[in-house]
Amino acid sequence: MTSNWAESFNNTTKDARGFPITAAVAFLRSKVQKWFASRKEKADKWTKPLAPEMEEDLALHFEKGRYLNVDSCGPYTLQVHPGGTVMTGGVVDLQEHTCTCGLFQCMKFPCPHACAASQERSISAYTLCSPYYTTEYWRRHMKEQLCQLVTRMIGNCLMTSRT
Ligand SMILES: [Zn+2]
């Protein structure tokens, strides 16, 4: 297992470096096609509103916010504080999508305080997430990545064959 995408790619493609250019391109195209087919299959089967990693994060934030106390300060402003836990509290504004912990506005994703506040107000936490975290965006971005990657790979392969 490698620590980043570039190392993983280099490991996978090292066998193709000695190939003639046409064989190297065919090898790389085949590898990438398999990777993206696997990812596309996962994305096509995914039925939840957010991409898998973000669904996990949201579930985790809900779990962390589950035992927090929520006090109303206004229609959209709530003070969320720990009831004997080690977590710190926060003041959440559900209209402005902010929390005094800073995570909500920074990540454009509800922090545990915002999750607790949204539950208190019966507001879906999905409406508090950036559209960039949605499954729809994930699928669209995957297609764009594929086009860019294939273009770069062919370019790199052509450059390597000249040296
Ligand atoms: Zn917060």
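## A two-domain chain and its nonpolar core

The chain holds six helices and four strands. This is a predicted model, and reading along its sequence gives the order α-α-α-β-β-β-β-α-α-α.

Let's start with the overall layout. The domain assignment splits the chain in two: domain 1 is made of 5-48 + 134-162, while domain 2 covers 52-130. Between the centres of domain 1 and domain 2, taken over C-alpha atoms, lie 38 Å. The C-alpha trace spans about 70 × 30 × 25 Å along its principal axes. For the radius of gyration, the chain has 22 Å, where a compact globule of 163 residues would come near 15 Å. Buried residues account for 19% of the 163 residues. Among contacts with a separation of 6 or more, 43% link residues that are 24 or more positions apart.

Now for the interior. The largest nonpolar core has 21 residues, and those with the most contacts inside it are Leu50, Val80, Val92, Ala114, Ala117, Cys129 and Tyr133. Three elements give two or more residues to this core: α3 (52-65), β2 (77-81) and α5 (112-120). Of these, α5 gives the most, with four residues.

Two of the core residues are worth a look side by side. The table leaves out neighbours within four places in sequence.

| Residue | Residues in contact |
|---|---|
| Val92 | Leu78, Val80, Cys99, Phe104, His113, Ala114 and Ala117 |
| Ala114 | Val92, Cys99, Phe104 and Leu128 |

Ala114 sits in helix α5. Ala114 counts as buried because it has 29 C-beta neighbours inside 10 Å, and the cut-off for a buried residue is 20 or more. Its contacts include Val92, and Val92 in turn lists Ala114 along with Ala117 and His113. Ala114 also lies 8.6 Å from Val91, C-alpha to C-alpha, although 23 residues separate the two in sequence.

The same helix, α5, also packs against α3, with an angle of about 75 degrees between them and their axes 7 Å apart. That angle makes α3 roughly perpendicular to α5, because values of 65 to 115 degrees fall in that class. On the α3 side the contact is made by His61, Phe62, Lys64 and Gly65, and on the α5 side by Pro112, His113, Cys115 and Ala116. His113 therefore appears twice in this picture: it takes part in the contact with α3, and it is among the residues in contact with Val92.

Definitions and conventions
Residues are numbered from 1 along each chain as its sequence is written. This is a predicted model: local features need pLDDT of at least 70, side-chain atom pairs count only at pLDDT 80 or more; totals for chains, interfaces and linings use all residues. Domain bounds come from an automatic or database domain assignment. The radius of gyration is taken over C-alpha atoms; the globule rule is 2.2 Å times the number of residues to the power 0.38. A residue is buried if 20 or more other C-beta atoms lie within 10 Å of its own, exposed if 12 or fewer, and partly exposed in between; C-beta atoms are placed from the backbone. Two residues are in contact if their C-beta atoms, placed from the backbone, lie within 7 Å. A nonpolar core is a set of buried Ala, Val, Leu, Ile, Met, Phe, Trp, Tyr and Cys residues joined through C-beta atoms within 7 Å. Axes are lines fitted to C-alpha atoms, for helices over the stretch in contact, and angles run from 0 to 180 degrees between N-to-C directions. Angles under 35 degrees count as roughly parallel, over 145 as roughly antiparallel, 65 to 115 as roughly perpendicular and the rest as oblique.
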